[in-house]
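Today I'm poking around in a structure and jotting down what I look up. Cysteines and aromatic rings are on my list.

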Amino acid sequence: MLFIAIGASIRTFLNYLRPVLMIDAAHLKGLYKGTNLVAVAMDGNNQIVPIAFGICKGETVMAVENEFPLAFHAVCCRHLMQNLPLKNKKRKGLFWKTCKAYTREDYATSMNILQIVQPDAYANLCRAGPQRWSRAHCPLVRYNYMTSNSVESVNACVTPLNFTAAED
């Protein structure tokens with residue numbers, strides 16, 4: 001429906017920022033429904049640089065897969081955790097230890113423990129593909145970005161506006 005890419009931000013991204021784009025969506029409420037999409041990047045000081053905004057009817061990754069078939073697509077570990085049936089803080093801690101493991105040996109140790117204590121969560125993580133969420137298996141550099149918090153910070157600034165029409 002609407003897509004805005006900021007030329008100066010794109011040039012900055014291509015020449016000076018870490019080569020990682022973080023994309024997230026926020027559902028619009030009020031008179032005008034839809035989904036607000038935001039893409040951001042970060043500089044060497046972890047400062048957020050907005051790259052593009054868009055408003056569409058719904059959230060989907062099909063466009064990314066169709067337009068950028070060779071792009072690597074990692075998932076936000078926090079969102080992944082929210083979709084797992086982890087039963088307590090210790091198991092959530094084990095999940096984060098698994099995500100952030102630097103070596104495949106440390107990853108395997110944590111996954112083996114998770115398989116014993118909560119096999120359903122283990123199975124879901126295997127289906128998600130460890131290369132998409134595990135630092136130890138990621139084929140590219142993630143620059144320690146395991147969540148989409150930077151994008152959610154931008155969304156938090158925009159969504160209170162709610163895009164509602166002014167009352168007469």
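My notes follow, starting with the cysteines.

**Entry 1: cysteines.** I'm keeping in mind that this is a predicted model. I looked for disulfides and found 0. So why is there no bond between cysteine 77 and cysteine 99? The closest cysteine sulfur to that of cysteine 77 is the one in cysteine 99, and at 3.6 Å it is too far away for a bond; a disulfide needs the sulfurs within 2.5 Å. I checked accessibility too: cysteine 77 is buried at 0% relative accessible area, and cysteine 99 is buried at 0% as well.

**Entry 2: aromatic pairs.** Next I counted aromatic pairs and got 3. Phenylalanine 95 and tryptophan 96 have ring centres 5.4 Å apart and planes at 75°, so I wrote them down as edge-to-face. Phenylalanine 95 also pairs with tryptophan 133, and that pair is stacked, with 6.3 Å between centres and 20° between planes.

Where do these two partners sit? Phenylalanine 95 is in helix 4 (residues 89–100), while tryptophan 133 is in helix 7 (residues 130–133), so their pair ties together parts 38 residues apart in sequence. Phenylalanine 95 is buried, with 0% relative accessibility, and tryptophan 133 is buried with a relative accessible area of 0%.

I then followed the ring pairs along: they link Phe95, Trp96, Tyr107 and Trp133 into a cluster.

**Entry 3: a charge over a ring.** Last, I looked at arginine 135. Its charged end sits over the ring of tyrosine 102, 4.1 Å from the ring centre.

Key. Residues numbered from 1 in each chain as written. Predicted model: local features only at pLDDT ≥ 70, side-chain atom pairs only at ≥ 80, totals over all residues. Heavy atoms only, no water. Buried < 20%, exposed > 50% of the residue type's maximum accessible area, 1.4 Å probe, protein only. Phe/Tyr/Trp six-rings, centres within 6.5 Å; stacked < 30°, edge-to-face > 60°. Helix = DSSP H or I, 4+ residues; strand = E, 2+ residues; numbered from the N terminus. Lys NZ or Arg CZ within 6 Å of the ring centre and 35° of its normal.
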